[in-house]
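Take a look at the structure below. The report starts with one helix and then widens its view.

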Amino acid sequence: MRRGAWEDYQKDIADDKYYYARSCIRQNFFPGSEKAFLNIVGRDLGREVFDDPLHTSCTGIGYHSDIVPYETIMTVVARQFSLMHEAGFENFISSCITSFGIYTEILNTWEEFPETEEKTRESLYKATKRELYKPKNLAHTSDVIFHLRDEIKQRMKYPLVNHLTGEKLRVVEHIGCHYAKIFPKRGIGGSEFPYVLAGMIESWGGDVVDYPERRHCCGFGFRNYLVQANRGYSIANSHKKLESMAPYRPDFIVCNCPGCTMFLDKWQYTIAEMEGTTYGEAGQGIPVLTYEEMAGLVLGYDPWELGMQMHAVNVEPLLNKMGVEYDPAAKYLGPNGKYIGKPLQSVVNSSRGNTSLYDIKK
Amino acid sequence: MAVKNFGFSISRPRTIDMDKNNLRKSNEILRELPELQACIGCGSCTASCSAGLLTQFNFRKMHTLVRRGEYEGVYKELSKCMLCGKCRMVCPRNINTRKVVLLIKRTLGDF
């Protein structure tokens, strides 16, 4: 690639005053991540982030499942932008990659077809009596963490290093397809060389694993997943990625998309139950983290406060490697000390000596 | 280990791995009938096929699979061909398609 072309794939990320749009599904699977983002960016780094209770789902899941028409989703998105203006903000950040893709697609549609924007403006006024104001800056929350990675590095408590051996941790980064595969110039590094997560990992002391299926989709794909009979196709994608990355012995996987984090984590459980195959060390799975959880661990947050007890693959092996201090007994206690229940024993978390895929291949 | 039933299974990839396939038979066929290499895959043979009207028989798919070293089930499938020769008449590259059918069956045998 020409050196100059790299400049085309950079983006401006606002430095302060963010209007925060949450994800629909994230809080169910990774409940501490969005809170961690607000704490890191708002409390620790002193930026202003507005978490608006009035905003709704962007309806992206419905849109990609052919249930919600494009005109409807444009009006819903126009309402979000209008709420942002009412709250006095100009920089829109979304926690979800699908939403980010939707916002990007709609802003580009309005730019290319002004008559469509006019129609949406009318629909918005008819439905809600609001005016449409477009954001000055649109970014995904992983872009914001990437933007602030050096400030996080200054406050770093646990670098991405194995504290026993001093070796850098090997990290697999997985970027959601809707981040830059739809509009490559709206993501850092474009669709082929996205640098948003790799930049964080390198900055915080880890090593990025470059494996053959690095840019492969995790298999979420909405319609591929929603019908139970089709899930074999969905899991086959994650399976392909995991098979490809396992020989590189990654210490953990980090994703910037709610769907990818969920699927790469939970499909490991499913594959282990179906076939008995695990991909990590000592017969266990590979922990899958969101970028907020990774940033939180680096900053010394309590892993249970970050919601890491909700993962299908246990994160303790990673915490031990990093030397993170945590209370194993507090894993299944909620913030108020109340017992939240415990999952049943699963194959993906039961250490069975040297039966991991890596060892078989070796 | 008790295997759980999730109501679906992992779909296997349909990738053809040319490094793993044995191309000996395929090369033998191409040596005997080099004109098959001139095929542009237009599908006229399949479109005009009498057997294809009545069954799922797809001649283009069959000879493409054979050239890639995927021989399983090809003999049985090619037995659907009635050797009418309409495909030969429409082939833009003038390939003797009837001979292709007979040659593949003869070379592979009942694989």
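## A helix checked by length

Helix H6 of chain A covers residues 97-112, which is 16 residues. At 1.5 Å a residue, H6(A) should span 22 Å. The C-alpha atoms at its ends are 22 Å apart, so the expected span and the model agree. Keep in mind that this model is predicted.

Which residues of H6(A) are buried? The run from the start of the helix is A:Ile97, A:Thr98, A:Ser99, A:Phe100, A:Gly101, A:Ile102, A:Tyr103, A:Thr104, A:Glu105 and A:Ile106. A:Trp110 is buried too.

## Two domains and their contact

Chain A is split into domain 1 (11-142) and domain 2 (149-361). Their centres, taken over C-alpha atoms, lie 26 Å apart. Domain 1 of chain A puts 27 residues into the contact, and domain 2 of chain A puts in 31 residues.

Four elements each give two or more residues to the domain 1 side: helix H2 (26-29), helix H3 (33-44), helix H4 (60-64) and H6 of chain A. Which of them gives the most? It is H6(A), with seven residues. By class, the domain 1 side holds 12 nonpolar, 11 polar and four charged residues.

## A strand with two partners

Now turn to strand E5 of chain A, residues 170-174. Is E5(A) enclosed or open to the outside? Four of its five residues are buried, so E5(A) is largely enclosed by the rest of the structure.

E5(A) pairs with strand E6 (residues 207-208) of chain A in the parallel sense, over two bridges. E5(A) is also joined to strand E7 (residues 252-255) of chain A by four bridges, and these two strands run parallel as well. A:Val171 shows both pairings. Its bridge partner in E6(A) is A:Val208. In E7(A), A:Val171 stands opposite A:Phe252.

## Chain A as a whole

Chain A has 17 helices and eight strands. Its C-alpha trace spans about 65 × 55 × 45 Å along the principal axes. What radius of gyration would a compact globule of 362 residues have? It would be near 21 Å; chain A has 21 Å, so the two agree.

Of the 362 residues of chain A, 48% count as buried. Among contacts in chain A with a separation of 6 or more, 77% come from residues 24 or more positions apart.

## Where chain B touches

Chain A also has a contact with chain B. Chain B gives 10 residues and chain A gives 14 residues. The chain B side divides into six nonpolar, three polar and one charged residue.

Methods
Residues numbered from 1 in each chain as written. Chains lettered and ligands numbered in written order. Predicted model: local features only at pLDDT ≥ 70, side-chain atom pairs only at ≥ 80, totals over all residues. Buried ≥ 20, exposed ≤ 12 C-beta atoms within 10 Å, placed from the backbone. Pairing = 2+ DSSP bridges. Expected span 1.5 Å × (residues − 1). Contact = placed C-beta atoms within 7 Å. Nonpolar A, V, L, I, M, F, W, Y, C, P; charged D, E, K, R; others polar. Domains from an automatic or database assignment. Rg over C-alpha atoms; globule rule 2.2 N^0.38 Å.
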